[in-house]
Amino acid sequence: MLQRQRRVRYPKSSRQDSRSNYKDMGKAMFEARNGPCLIPSLPDDGFVETDKVSDCYVIGAQFLKLIANSRTEVCTWNMNAHQMGKNAIHSSWDVSESPLVPHFGPFEPDQKPISFYHTKAKFACQRHRSKVFNDIDNLRTFAPTNPEHQFRLGLRVIAATVANAQGVLAYCGAERTKYLNPKHARQMARQIKLPLRAYEILLQSFLDKTGGSIQEIEATARVLRSELREWQRIYKSPGERQITSCHMVARPRIRVAISAVGYQNNHPFSMCTVLPRTAAEPDDYLCDIILTRRQPKSDALSVMSRQDRYLEDQVLKVKALLEDDPATGLSGLLRALSMNPTTFFFVSPDDYYNNHIIDDAGRANIEQDIASIANDQFLAWT
């Protein structure tokens with residue numbers, strides 16, 4: 001007769017420690033990436049690269065202000081550890097699976113000021129940040145159909161993605177080192193009231209799973225770094241600046257700002273950007289949807305036309321989701337963009353909590369859907 005899986009709940013002090021760990025995770029991931037600037041220096045830059053990377057907005061603050069509330073706050077599901085900490089303390093813990101992994105319930109968006117670190121990434125020094133990205137962050141100078149601006153949007157999101165992926169790897173390495181410490185193992189075994197040997201078996205299972213996940217993240221990071229090198233090369237050679245892009249204006253049912261790297265087998269590394277627009281009428285919400293992809297040097301014009309059609313199809317899908325029923329559209333966008341730590345996704349709090357736009361049932365469906373994504377992906381980056 002099969003034994004029923006044992007389900008226990010952590011002692012309160014242990015759950016509190018776990019919450020503190022998850023709360024620090026987002027900041028640790030953010031600060032772990034503190035290497036050199038990922039934007040190449042050009043001969044006419046006029047300065048020697050000496051600065052370390054600084055806090056860089058992946059979506060310009062002026063665009064975030066267009067969707068923020070009166071306290072300049074936006075909602076985000078960026079898998080940030082603060083929200084995970086709040087959820088983890090109320091989650092069930094399955095010892096048969098691992099003593100370290102919670103099962104998340106409904107996942108509410110975190111409402112934070114646009115100056116909060118989850119709106120940023122560490123991928124450029126202060127000098128390159130202003131020199132390269134000021135024009136695309138200014139509402140007056142940004143031109144969504146300008147190929148140069150589209151290129152810089154793509155360069156920024158791929159650099160931010162690489163920086164965040166490397167931050168995740170640095171955090172994972174530090175966590176694995178901590179859990180392999182015998183003293184830490186004894187403390188955890190006492191906290192969850194298991195014999196040390198039983199805890200060690202569960203811990204080894206956890207480390208095996210996370211080890212495989214870390215290998216997957218590292219493999220993805222290698223591909224991302226390779227792609228970034230191509231964008232850096234093109235940046236240094238404006239004459240070779242070949243990109244494929246598609247721009248479309250949408251009238252969203254809920255105001256959003258998105259910056260993400262999409263990966264598909266046939267057409268990898270499409271940079272998806274959704275930026276809110278200023279409008280003459282207060283209720284006339286518009287946004288620019290821009291998908292940008294590097295054009296491989298070997299591609300012929302016939303391939304170029306296929307890529308154009310592909311990007312247009314993808315933009316039409318994003319447009320339909322934005323203009324669809326808000327709850328269905330948000331869930332679809334969040335799932336389509338994978339909700340990984342390298343996706344920057346922000347929503348207007350005034351829209352999200354407006355019952356005339358999204359009712360309680362709609363919000364519950366979104367938050368349950370995000371919880372399922374969080375549970376699916378949590379082991380992949382802890």
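Helices, of at least four residues, and strands, of at least two, are taken here as DSSP runs and numbered from the N terminus. The model is a predicted one, and the elements named below are those of that prediction. In this scheme Arg255 is found in the loop between strand E7 (243–250) and strand E8 (256–262). Although placed in a loop, Arg255 has a relative accessibility of 16% and therefore counts as buried, the cut-off for that class being under 20%. In sequence Arg255 is 191 residues away from Leu64, whereas in space the two C-alpha atoms are 10.0 Å apart.

Aromatic contacts were examined next, and six aromatic pairs are held by the structure. In one of them, the ring centres of Trp77 and Tyr352 are separated by 5.2 Å and the ring planes meet at 75°, so that the pair is classed as edge-to-face. Trp77 belongs to the loop between strand E2 (73–76) and helix H3 (81–88), while Tyr352 belongs to helix H10 (residues 349–352), and the pair therefore ties together parts that lie 275 residues apart in sequence. Both partners are withdrawn from the surface by the accessibility criterion: Trp77 counts as buried at 1% relative accessibility, and Tyr352 counts as buried at 0%. Tyr352 also forms an edge-to-face aromatic pair with Tyr353, with 5.0 Å from centre to centre and 90° between the planes. Unlike Tyr352, which is buried at 0%, Tyr353 has a relative accessibility of 38% and counts as partly exposed. Through such ring pairs Trp77, Phe345, Tyr352 and Tyr353 are linked into a cluster.

Charged side chains are also placed over aromatic rings. Lys120 lies over the face of Tyr57, at a distance of 5.1 Å from the ring centre. In a second case, the charged end of Arg156 is positioned over the ring of Phe133, 5.2 Å from the centre of that ring.

Phe133 is in turn one of the buried residues of helix H4, the others being His128, Val132, Ile136 and Asp137. Viewed down the axis of H4, these buried residues fall within an arc of 130°, so they line one face of the helix. The end C-alpha atoms of H4 (residues 126–137) span only 14 Å, whereas a straight helix of 12 residues would span 16 Å at 1.5 Å a residue. Ile136, which is placed in helix H4, has a relative accessibility of 0% and accordingly counts as buried. Between Ile136 and Gly60 the C-alpha to C-alpha distance is 7.8 Å, although the two are 76 residues apart in sequence.

A search of the whole structure for cavities of 30 Å³ or more finds three, and the second largest of these contains about 40 Å³ of space. Arg156, the residue whose charged end sits over the ring of Phe133, is among the residues that line this second largest cavity, together with Val58, Ile59, Leu153, Val157, Ser259, Thr273 and Leu275. Helix H5 (147–179) and strand E9 (270–276) each contribute at least two residues to the lining of the second largest cavity, and the largest share, three residues, is supplied by H5.

Helix H6 (residues 182–191) likewise has a buried set, which consists of His184, Ala185, Met188 and Ala189. Seen down the axis of H6, the buried residues are confined to an arc of 135°, so they line one face of this helix. Lys183 and Arg190, on the other side of H6, are exposed.

Backbone geometry was considered last. Most residues other than glycine have a negative phi. Just after H6, however, Lys193 takes a positive phi of about 60°. Thr72 likewise has a positive phi, near 50°, in a residue other than glycine. Thr72 is placed in the loop between helix H2 (61–67) and E2, and with a relative accessible area of 36% Thr72 is partly exposed.

Conventions. Residues numbered from 1 in each chain as written. Predicted model: local features only at pLDDT ≥ 70, side-chain atom pairs only at ≥ 80, totals over all residues. Heavy atoms only, no water. Phe/Tyr/Trp six-rings, centres within 6.5 Å; stacked < 30°, edge-to-face > 60°. Buried < 20%, exposed > 50% of the residue type's maximum accessible area, 1.4 Å probe, protein only. Lys NZ or Arg CZ within 6 Å of the ring centre and 35° of its normal. Expected span 1.5 Å × (residues − 1). Arc of directions from axis to C-beta. 1 Å grid on protein atoms, 1.4 Å probe; cavity = no way out; pocket = protein on both sides within 12 Å on 5 of 7 lines; lining within 4 Å. Points joined across faces, edges and corners; volume = space filled by probe spheres on them.
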